[in-house]
Amino acid sequence: MALQGAFIEHEQMLASLGADCFEVRQLADWQQLKDGLILPGGESTVQTRLLAELGLLGPVRQAIIDGLPVFGTCAGLILLAKQEGGQPRGGLCTMDIDVCRNAYGRQLGSFNATGEVKGVGSDFPLTFIRAPYVNKVLSADVEVIAETGGHIVGVRQGKQLATAFHPEVTADVRLHSYFLSMCEGK
């Protein structure tokens, strides 16, 4: 999804793994054949508004419900969440999670850490930029795949993968490779 945010970094990461990708900027782009979707970090409110204005919100939501693999980072995690602070939220609302937006504060609250990401490995670089975290999972279908500082920062539910951190701004390709394996049905 190339409406706003850090989509170029994801494209570069996918290209380094030999994957073809294209940018979705309008409904006509969405009609192309695809094996998966990445929802980049950026401004979740702006992205939600643009998805709605461009007529993409409904089709994208339905594709995810129908099983299209999706990977949301930071704002993408927020777009996928069904709740924010215990309240229903707008957006795609396909993951059974409750999020806390800008949980680590403003830009100055951004930080780097390392941690384990289940299914990917240990010593994974975790880059947080005005990041959210997951307050709680809302169903047993959601698997927590990463935590830091006592907070949930990575989840998977079926073919949906979401992180509060930005793997696309590191040199570590493991999480994108993991997502590509999800797109291949593994």
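**Aromatic contacts and pockets**

In this predicted model, Phe 128 is buried, with a relative accessible area of just 1%. Its stacking partner, Phe 111, is partly exposed instead, at 27%. That difference in label follows from the cut-off, because buried means under 20% relative accessible area.

Aromatic pairs come to 4 in total. In one of them, Phe 111 and Phe 128 are stacked, with 4.6 Å from centre to centre and 15° between the planes. This pair ties together distant parts of the chain: Phe 111 belongs to strand S6 (residues 111–117) and Phe 128 to strand S7 (residues 121–128), and the two are 17 residues apart. The pair counts as stacked because its planes meet at 15°, and planes under 30 degrees apart fall in that class.

Another pair joins Phe 124 and Phe 165, and this one is tilted, with 6.0 Å between the centres and 55° between the planes. Here too, distant parts of the chain are linked: Phe 124 is in strand S7, while Phe 165 is in the loop between strand S11 (160–163) and helix H6 (174–183), 41 residues away. Phe 124 and Phe 165 are both buried. Put together, ring pairs join Phe 111, Phe 124, Phe 128 and Phe 165 into a cluster.

Trp 30 has a charged neighbour: the charged end of Lys 34 sits over its ring, 4.2 Å from the ring centre.

Turning to the pockets, the largest one holds about 510 Å³ of space. Its lining is made up of 24 residues, and Leu 14, Asp 20, Cys 21, Phe 22 and Gly 36 lie nearest the centre. Helix H1 (7–16), strand S1 (37–39) and H6 are the elements that each give two or more residues to this lining. H1 supplies the largest share, with 4 residues. Sorted by class, the lining of the largest pocket comes out at 16 nonpolar, 2 polar and 6 charged residues.

The second largest pocket has about 280 Å³ of space. It is lined by 19 residues, with Gly 42, Glu 43, Cys 74, Ile 129 and Arg 130 closest to the centre. Two or more lining residues come from each of helix H3 (44–53) and helix H5 (75–80). By class, the lining of the second largest pocket splits into 7 nonpolar, 7 polar and 5 charged residues.

Key. Residues numbered from 1 in each chain as written. Predicted model: local features only at pLDDT ≥ 70, side-chain atom pairs only at ≥ 80, totals over all residues. Heavy atoms only, no water. Phe/Tyr/Trp six-rings, centres within 6.5 Å; stacked < 30°, edge-to-face > 60°. Buried < 20%, exposed > 50% of the residue type's maximum accessible area, 1.4 Å probe, protein only. Lys NZ or Arg CZ within 6 Å of the ring centre and 35° of its normal. 1 Å grid on protein atoms, 1.4 Å probe; cavity = no way out; pocket = protein on both sides within 12 Å on 5 of 7 lines; lining within 4 Å. Points joined across faces, edges and corners; volume = space filled by probe spheres on them. Nonpolar A, V, L, I, M, F, W, Y, C, P; charged D, E, K, R; others polar.
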